Amino acid sequence: MYSSQEVFDRICERIAGGESLRSICQDEDMPATSTVCKWLAEHDGFSEQYARAREAQADAIFDEILDIADDGRNDWMERNGEESAGWAANGEHIQRSRLRIDSRKWMAGKLKPKKYGEKLEHEHSATGEFATFLASIAERGASLVKIDDGDDQG
């Protein structure tokens, strides 16, 4: 039998490799998912180790995305019908690959949002005293003034 730390290490190693906790816990020699959740609440060291493994999992998932996108083995299928002989796109496989990629992109973004999350565009606007200052300039009809840089030609 394994010590608790050995089990913690095995779980975290497999998570960091891209496996889900659910699939890990289905193995005969692994604890139930509910037990792992209980351990996470009771053991700070395991909780920290698990959090780092989940962050590493995002990188493994990103690698899977590239593998799925680059694998075109089943994108085409041969048709043998009299009127439709030849090659045709396998739409079902292509759509399934797209779903697999989108699911992994979403999960990687949740696990490591700074690296794989959606980039949000922020709108910058003036507030407070600076906004009042800009408004007063606009009300007075202030215009831009050219600053003399001392490079006059005449």
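A polar contact is a pair of N or O atoms within 3.5 Å; within protein, one of the two must be able to donate a hydrogen and the other to accept it. Keep that in mind for the tour, and remember that you're looking at a predicted model.

**Stop 1: Gln 49.** Select Gln 49, which sits in helix α4. Is Gln 49 buried or exposed? Its relative accessible area is 16%, and since buried means under 20%, Gln 49 counts as buried.

**Stop 2: the partners of Gln 49.** Now add Gln 5 and show side chains: a polar contact of 3.2 Å links Gln 5 to Gln 49. Next, add Asp 9, whose side chain has a polar contact of 2.7 Å with that of Gln 49. If you skip the neighbours within four places in sequence, Gln 49 is in contact with Gln 5, Phe 8, Asp 9 and Cys 12, so put Phe 8 and Cys 12 on screen too.

**Stop 3: two helices together.** Zoom out and colour α4 (residues 44-70) and α5 (residues 91-111). How do they pack? Their axes are 9 Å apart, at an angle of about 160 degrees. That angle makes α4 roughly antiparallel to α5. Look at the crossing as well: α4 passes α5 in a left-handed one.

**Stop 4: the contact itself.** Select some of the residues that make it, including Ile 61, Ile 65 and Ile 68 of α4, then Ile 101, Met 107 and Leu 111 of α5. Charged side chains join in as well, among them Arg 54 of α4 and Arg 104 of α5. By class, this contact has nine nonpolar, two polar and six charged residues.

Conventions:
Residues numbered from 1 in each chain as written. Predicted model: local features only at pLDDT ≥ 70, side-chain atom pairs only at ≥ 80, totals over all residues. Heavy atoms only, no water. Axes fitted to C-alpha atoms, helices over the stretch in contact; angles between N-to-C directions. Helix = DSSP H or I, 4+ residues; strand = E, 2+ residues; numbered from the N terminus. Parallel < 35°, antiparallel > 145°, perpendicular 65-115°, else oblique. Left-handed = near helix turned anticlockwise from the far one by under 90°. Contact = heavy atoms within 4.5 Å. Buried < 20%, exposed > 50% of the residue type's maximum accessible area, 1.4 Å probe, protein only.
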